[in-house]
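Q: Could you take me through this model one feature at a time, giving the general idea before the particular case?

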Amino acid sequence: MSRPGDRRGGATPGRLRTALVALTVGALTATGCSAGGGGGTGGDGEEAETASPVEFEGKEESTGPAEKIEGARKGGTIPVLERDSYEHLDPAQMYVAAQTTMASLIHRRLTTVKLDNDGEYSVVGDLATDSGTTEDDGRTWKYTLKDDIRFEDGSPITSKDIRHTFERLYAPFITEGPKFVQEWLADESGAKAREILPDGPYEGDHLPDSVLETPDERTVIFKFEQPRNDLPYALSMTGYGAVSAERDTKEKYDRKPATSGPYKIEEFKRGRSMKLVRNKEWDPATDSSRHQYVDAFDVTFNHEYAKSARELLADSDPNAVTWNGSVDIDTAQRVLKDDAAKERTVDGYQIYVAQMAINMDRVKDHRVRRAIAYAMPNRGVLAPYGPGVGGELAGNYFNPMLPGADRGYDPFNKVSKPNGDVEAARKLLKQADAENYKLVYAHGTADEDQKGSVAVASALEKAGFDVQRKEIPTDNYYDRIGKVDNGWDIYRSNWGHDWASASTVIPPQYDGRAIEDGAANYAHVDDKKINSEIDRIAEVSDPEKAADEWFELSKYILEDVTPAVPLYAYKQLQIVGSNVGGVVFNNEHSGVDPTKLFLKK
């Protein structure tokens with residue numbers, strides 16, 4: 001997924017991003033996409049179950065309608081209290097959690113991630129009849145479009161629209177959104193990928209059939225140079241939502257897109273409000289994952305989390321919800337002591353893991369990096385964000401939701417000794433003849449980050465480091481740490497998976513061939529074994545084997561290279577009005593699933 005942080009600086013693969021400071025668990029958070037219960041600053045809460053690879057399903061699971069939710073009824077309007085307005089409505093430009101959550105109601109893709117009533121996730125066909133078929137180990141993928149799929153104006157969605165959807169991603173005005181599929185098709189990364197179709201389809205050029213073939217109105221065939229076994233998952237991202245070839249207005253499409261989901265946009269006042277109403281052209285028989293229970297959603301913006309949490313706790317409007325807002329620390333303590341209020345809450349893991357990156361251009365001695373890892377006070381970093389609510393201590397780089405994750409793997413005792421292991425750090429510094437080692441520690445300016453920085457500096461100084469703290473304004477934090485020549489030794493970075501695979505976690509953060517300004521390799525690690533293993537594992541077609549091998553590689557990275565210290569996995573607590581039903585925490589949204597909501601009466 002992505003870092004939760006400043007959205008500027010380019011949309012590198014692996015970054016499903018959230019708006020800055022969008023989560024109560026971290027002032028340096030902003031996306032994803034992204035399970036539940038317990039946790040806390042001591043890391044001793046309810047544990048996540050070991051995740052398994054998500055299944056890619058066939059026609060039966062992809063056929064609508066979605067299974068009925070017990071007690072659901074139709075009608076009514078749900079007020080939605082959101083903090084951040086939507087910068088983009090064009091699906092190709094959407095890569096921020098608040099936007100992608102809303103987009104689940106209006107934009108359909110070839111595939112989608114389905115959450116069933118038993119809490120199981122799977123990738124199913126959305127506009128397509130299934131999650132895709134391949135007969136050559138993932139180099140060629142074929143999709144057949146469903147019957148009776150239409151845009152809001154009643155026009156049918158055909159392979160022409162799907163071709164157009166992907167070809168326009170190369171146009172210069174598409175600057176946000178995921179880059180996976182278009183780079184895979186071009187077999188290039190970054191700016192070079194655009195060279196395959198530099199103007200998009202707008203000058204009459206198209207991708208050759210050797211790359212993207214649409215032999216008839218219902219068939220779409222993707223052809224890649226390398227195996228792309230995660231394609232069904234990648235295609236489920238909002239950024240690959242269908243765009244009408246006939247109604248595409250290029251930049252202006254961002255203001256008035258053609259929608260295809262169960263709802264359409266009746267009115268949008270940027271920075272103030274949005275009203276979503278039923279899309280009469282949406283056929284539930286074609287959709288196995290979404291519902292259309294309420295008549296409308298009235299979304300209003302500028303609701304700070306503390307304020308909306310208090311309003312929802314007070315139940316001043318029993319019909320109200322927030323899709324992306326978190327319960328703030330102070331309100332959380334009241335909620336957790338109120339049994340009736342707790343009945344109206346959902347909580348879960350978000351997709352992000354916080355880390356302390358170590359600049360390997362400056363901290364070259366591995367013994368010093370290991371000393372930093374041992375000394376780091378994970379509890380002190382997490383504490384300002386709320387015990388039992390904000391997160392769960394992490395001993396390794398994997399989010400508990402990721403397939404292959406082993407929550408017991410903790411080589412630097414970050415969970416078992418959450419205040420840091422000062423003695424172990426001192427011994428390593430002595431071995432390295434690096435006592436009083438000077439560390440320039442950059443941190444954000446938000447209150448929580450300031451408090452956490454005091455704990456970090458104190459622990460490192462006790463271990464024998466000479467720490468110099470440097471503040472970075474929150475509004476351009478990721479731009480600053482994303483500079484290769486940033487002048488700092490350690491700084492916090494957060495990352496979330498784009499889908500439930502470490503293929504969107506390990507390569508973007510630790511591939512040495514991706515060191516450049518704005519890239520996510522914040523530690524500037526360039527290790528031959530890591531690079532070669534990334535290439536090898538990317539071609540493993542068995543999802544379970546790939547998951548295990550990604551985790552094994554992560555162990556090598558953490559123990560033998562140590563470019564970053566794992567801190568904690570993000571969690572979120574949300575509360576809704578007492579008359580709202582169908583409230584489920586969806587890992588793909590890292591919050592409430594809007595496609596299941598209804599009013600009880």
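Q: How many salt bridges does the structure hold?

A: Side chains of opposite charge can pair when their charged atoms come close. In this predicted model, the structure holds 31 salt bridges, and a few of them will serve as worked cases.

Q: Which residue forms a salt bridge with D295, and where do the two partners lie?

A: D295 pairs with R278, and the closest N and O atoms of the two are 3.0 Å apart. Because D295 lies in the loop between β9 (273–278) and β10 (296–300) while R278 belongs to strand β9, the pair ties together parts that are 17 residues apart in sequence. As for cover, D295 counts as partly exposed at 35% relative accessibility, and R278 also counts as partly exposed, at 22%.

Q: What does a salt bridge look like when both partners lie in one helix, as with K307 and E311?

A: Both K307 and E311 lie in helix α6 (residues 305–314), where they are 4 residues apart, about one turn of the helix. Their side chains meet in a salt bridge with an N to O distance of 2.5 Å. K307 counts as partly exposed at 40% relative accessibility, and E311 is likewise partly exposed, at 24%.

Q: Where do D489 and R362 lie, and is each of them buried or partly exposed?

A: The side chains of D489 and R362 meet in a salt bridge of 2.6 Å, N to O. D489 is in the loop between α13 (477–481) and β15 (490–496), and R362 is in the loop between β11 and α9 (366–375), so the pair ties together parts that are 127 residues apart in sequence. To read the cover, recall that buried means under 20% relative accessible area; D489, at 4%, therefore counts as buried, whereas R362, at 37%, counts as partly exposed.

Q: Which residues are linked in a network of salt bridges?

A: A network of salt bridges links R108, D126, D287 and R290.

Q: Which residues form a negative surface patch?

A: The negative surface patch is formed by E55, D542, E544 and D548. Taking D542 as one of its members, this residue lies in the loop between α15 (528–538) and α16 (543–561), and it is partly exposed, with a relative accessible area of 39%.

Q: How should I read the cover of a whole helix, and how many residues of α3 are buried?

A: One can go through the helix residue by residue and then look for what packs against it. Helix α3 (residues 159–167) is mostly covered, with 8 of its 9 residues buried; among them are D161, R163 and E167, as well as I162 and F166. The buried residues of α3 pack against helix α4 (180–186) and against the strands β6 (212–216) and β7 (219–223).

Q: What does L169, in the loop between α3 and α4, touch?

A: Leaving aside residues up to four places away in sequence, L169 touches A92, I174, Q182, R194, G239 and Y240. L169 is buried, with a relative accessible area of 3%. From L169 to E183 the separation is 14 residues in sequence and 10.0 Å in space, C-alpha to C-alpha.

Q: Where is Q350 placed, and how far is its C-alpha atom from that of H589?

A: Q350 has its place in strand β11 (residues 345–358), and at 1% relative accessibility it counts as buried. Although Q350 and H589 are 239 residues apart along the chain, their C-alpha atoms are separated by 8.2 Å.

Terms used. Residues numbered from 1 in each chain as written. Predicted model: local features only at pLDDT ≥ 70, side-chain atom pairs only at ≥ 80, totals over all residues. Heavy atoms only, no water. Patch = residues over 30% accessible without salt bridge, like charges linked within 9 Å, V, L, I, M, F, W, Y side chains within 5 Å. Areas by Shrake-Rupley, 256 points an atom, 1.4 Å probe, with all protein chains shown as cover. Salt bridge = Lys/Arg side-chain N within 4 Å of Asp/Glu carboxyl O. Lys, Arg positive; Asp, Glu negative; His and termini not counted. Charge placed at Lys NZ, Arg CZ, Asp CG, Glu CD. Helix = DSSP H or I, 4+ residues; strand = E, 2+ residues; numbered from the N terminus. Buried < 20%, exposed > 50% of the residue type's maximum accessible area, 1.4 Å probe, protein only. Contact = heavy atoms within 4.5 Å.
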